[in-house]
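Visitor: I'd like to learn how to read a structure like this one. Can you walk me through it?

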Amino acid sequence: MAQDKPRIILRTAGLANPRALKTYIEHAEGYTAIKKVLGGAMTREQLIEEVKASGLRGRGGAGFPTGLKWTFVPQSDTGPKYLICNNDESEPGTFKDREICTVNPHQVIEGMVLAAFAIRASKGYIYTRWEFQAEIGYLVEAIKEAYAAGFLGKNILGSGFDFDLDHYTGAGAYICGEETGLISSLEGKKGQPKVKPPFPAVSGYLGRPTIVNNTETLANVPWIVNHGAKEFRQYGTEKSPGSKLFSISGALVRPGVYEVPLGYPFERLIQEECGGYLPGRSLQALIPGGASAPLLTPEEVQGLTLDYEAMAARNTMLGSGAIMIIDDRQVLAELLKVTIEFFAHESCGQCTPCREGTGWLNNIMDGVLDGTAKPGNVELMRTVAKHMGGKTICALSDACAMPVTSYVQKFSGSLQAYLAQATAAGGHVK
Amino acid sequence: MSEASKGSQETVTFTLNDREITVPKGTTVMAAARQQDVYIPHFCWHPGLKIAGVCRFCLVKVDNRPKLEIACNLTATPGMKVSSVLPEVKEAHKWALEFHLVNHPLDCPICDQAGECKLQDYYMEVGKYKSEMDRPKVLKPKALEIGSELVLDTERCILCDRCVRFEEEVTKTGALGIFNRGDRAVIGTYPDKKIEHNYQDNLVDICPVGAFTSRDFRFKQRVWFLKEKPAVCPGCSTGCHVDVHAKPQVRTYFRLKPRESEVNGFWMCDKGRKTYKHMNQEQRLRFPLLTEASGVRRRSTVDEALAALAATMLKADKSEVALLVSAAYTCEEYAAFFEFFVRSLGVTNVYQWREPTEDREAFDGLLYRGDHNPNTRGLSEALKAVGLPGEVKDGFEALLRQAPKLVIALGPELAFQFPSLPAQLSRLEQLPFVSLWTIDGAAVSHVGLKHLLPMKGYAEKRGRFLNFAGKVGELADPFPAGSEDARDVVEVVAALSEILAHSL
């Protein structure tokens, strides 16, 4: 058994000047993977096979197999292709890509060179949300260093392979984390997802084949090249191999970003990494994978492990690894309100069920908070949510519908009680 | 044979609602359904625009696929089994409608779209339930004067994006966008911009609800009182196929809408939309006027007017007679006219009447042409048929130089397309006897014109136009004439020839 807690991503964490190129090269096998691949030790096909064999799944939330995604680019197409690093990290509760940018940005860049080689892309972009001003600086600096060292640009390491990388700053919209919304935004348009098919791998940025991968996903690739798929699979579970960064927030002693193998026990993460709950607090509910993931009750959290399968078995999702501890002092009605308000605010508005559904739910929650909703409205939210699911171009509609369904299903009593109190008080409960 | 044309001949057979359908490879289920007259409810899809896939109304069930899919973006594949009528699909349609109605104002009683509104239609088809939405609706800007022909109500808008795509793809003006997000999203123009092109009313047509309304038609008539008949627009030589909407019982025309055809696709221009007004009472010449020997001009019956004209004709030598012919009449009218005057009576002085400022070759790239006559081509052919030069040339000045004793003039139908018309009519007043056959009521003010005959409008007669490319446009189903005295050229010529036959 390999070591208990691998360092695949945050390899330079804790070192002095962790994000410097020198640190990455000296302490984290920096840029050895591209030397290996561009030096001829691996063909494109072998690289894709290795990533497929590693079982690496997209870390942005959907968990789609990365190697498989790369194969969707039509190889017969000889025109320009693009690789985009989705660093828009916008799921509420998630802040792990930000940590990667802060601690180990070069590993993302190296991963991009490898991915670009695999899909024959000669141009790439890192797309970061506006709010990450400091991290944008780190990335731009790292790109500069990589260019200066010959790891980016024309004829990288004398291999004949060209790859240019630019940074692009978004305006901070949730929807620009959806890959086709991101592409629209990158094209200078309003950030709205595009109707599929065609999929980006066939017709993406500027109508050309484009692969969009999450920051953390790309950061895994150099390690897989250096250590092999087999060793990667020693971490995590059969269906969820490797490590994962979890962004943990809430009433804990040490909330933060932790890299642990997939399949890691939730309780152990809370106790060992996070130092347990703050004194006097206990778990009321758990959001295991960002604001769009269905809530779990304390009972459902029993025996929970942090992997795609365990989450699916509880009808929720690992998502981007954003774990939010809802302790007993939180008011669920208010939490649901801010959750829905977020999605209603961020819905791009093009698909009717999402545009109108998120707004309607938000409208109902206004009524729950100020006491003007009717008791039947709480159950109505579940019906509305049901018809918002699986009907739209992108998953934002589902992202709003899923938590709503779980709140109403599991915490209906709490919502009804709040509404009754608000109605009796003639306004917000204080 | 090229690859592309080979591809277009390949076909695909799939099943829609248990019915086998064969379509060219690459056809979407929605387009296939439309060809087969199977109606799948939709708002954003339009056969003349690219696919947006945003209304999420056209959901259908494909066998062995977990989720419902939108028919507009679903390419038919061999053996695919699609249903648009399963209970789960019906339920999805009902909810799609419900979402569209969440923030839609229920102002149908004052909305021009009522009666031809897709929301109303679908409510009757898949709805008929009590809405569960009991919260206050989102309020948005209303009655925005967004273009010279348009008024926009963003509250009624269901954000189907058709107008935005029309602006991008058809007129390529890109004047419209969707601003803001979520349920605050509104259609609008960019700051300080307005929609200024000649195709604005198409936005009213493609708007499935009452968000875009026509300034011209707004609040004039409830659409269910209108009767529509097919015709061909006389506004230019493109000859767009149209439907004329009128209320025949009160002899009033209200609007034109484009009718899908290979000539004009789905569209027509705003200029063309105005080609109903001249047929309404207040603008048209409603009865004959003749000037007696005493110089007194009076209203007459049609019979009197024709008898007077015949009498004048009998007194004139054919060399003193001239024909002045505009290009607004049907091929059948020209044939009868020239057969009678040229072939039978031997008149050889034939002049074409054209707007001197016209730029006949002008074309806006979409539909509107610089030749503002519907049948220039038909006139040419008719002239050639009687052995006269068919060359298109303004003969107005030449006619004046000849100063004939009797002029029979077929006036232009659309005065607004003939800016020089008032001046030309004034000059015709100088001639001894002009018999002007026209629908244009403004001719009345030219008191020197000795003889005026009221004509039918294009929507009131049968016949054919030949457009700029020689394509036939049929006028096959006329409205009753807007005035009882109005005649078409064929009728006038027949009556004249009868009178002359008796006189000779």
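**A loop residue and its surroundings**

Guide: Let's start with A:Ala293: apart from neighbours within four places in sequence, A:Ala293 is in contact with A:Ile287, A:Pro288, A:Thr316, A:Met317, A:Gly319, A:Met402 and A:Pro403. Keep in mind that this is a predicted model.

Visitor: Where does A:Ala293 lie in chain A?

Guide: A:Ala293 belongs to the loop that runs between strand E8 (283-287) and helix H11 (298-301) of chain A.

Visitor: Is A:Ala293 buried or exposed?

Guide: The idea is to count C-beta atoms around the residue, with 20 or more inside 10 Å meaning buried. A:Ala293 has 27 such neighbours, so it counts as buried.

Visitor: How far apart are A:Ala293 and A:Pro403, in sequence and in space?

Guide: They are separated by 110 residues in sequence, but their C-alpha atoms are 5.8 Å apart. For chain A as a whole, take the contacts between residues at least 6 apart in sequence: 70% of them join residues at least 24 apart.

Visitor: Now the whole chain. What secondary structure does chain A have?

Guide: Chain A comes to 16 helices and ten strands. Its radius of gyration is 22 Å, close to the 22 Å from the globule rule for 430 residues, so chain A is as compact as a globular protein of that length. Along the principal axes, the C-alpha atoms fill a box of roughly 75 × 45 × 35 Å. Of the 430 residues in chain A, 57% are buried.

Visitor: Which domains does the assignment give for chain A?

Guide: You get domain 1 (21-232), domain 2 (243-327) and domain 3 (332-425). For domain 1 and domain 3 of chain A, the C-alpha centres lie 35 Å apart. Contacts tell you something that centres don't. Here ten residues of domain 1 of chain A are in contact with seven residues of domain 3 of chain A. On the domain 1 side, the classes are six nonpolar, three polar and one charged.

Visitor: And how is chain B divided?

Guide: Chain B has domain 1 (12-101), domain 2 (107-113 + 133-225) and domain 3 (289-503). The C-alpha centres of domain 2 and domain 3 of chain B are 42 Å apart.

Visitor: How many residues does each chain put into the contact between chain A and chain B?

Guide: As a general point, the size of an interface is often given as the accessible area lost when the parts come together. Here we have residue counts: 26 from chain B and 26 from chain A. Helix H3 (residues 87-101) of chain B gives the most to the chain B side, with four residues. By class, that chain B side divides into 14 nonpolar, five polar and seven charged residues.

Visitor: Backbone checks next. Which peptide bonds should I look at around A:Pro197?

Guide: Look at omega. The bond joining A:Lys196 and A:Pro197 is cis, with omega about -5°. The bond from A:Pro197 to A:Pro198 is also cis, with omega near 0°. A:Pro197 sits in the loop between helix H8 (179-186) and strand E4 (210-214) of chain A, and A:Pro198 is found in the loop between H8 and E4 too.

Visitor: What about phi at A:Tyr31 and B:Asn180?

Guide: The sign is the thing to read. A:Tyr31 has phi near 60°, a positive value in a residue other than glycine. A:Tyr31 lies in the loop between helix H1 (21-27) and helix H2 (32-41) of chain A, and counts as buried because it has 24 C-beta neighbours inside 10 Å. B:Asn180 has a positive phi near 65°, in the loop between strand E8 (176-179) and strand E9 (186-189) of chain B. With 13 C-beta neighbours inside 10 Å, B:Asn180 counts as partly exposed.

Conventions: Residues numbered from 1 in each chain as written. Chains lettered and ligands numbered in written order. Predicted model: local features only at pLDDT ≥ 70, side-chain atom pairs only at ≥ 80, totals over all residues. Domains from an automatic or database assignment. Contact = placed C-beta atoms within 7 Å. Nonpolar A, V, L, I, M, F, W, Y, C, P; charged D, E, K, R; others polar. Helix = DSSP H or I, 4+ residues; strand = E, 2+ residues; numbered from the N terminus. Buried ≥ 20, exposed ≤ 12 C-beta atoms within 10 Å, placed from the backbone. Rg over C-alpha atoms; globule rule 2.2 N^0.38 Å.
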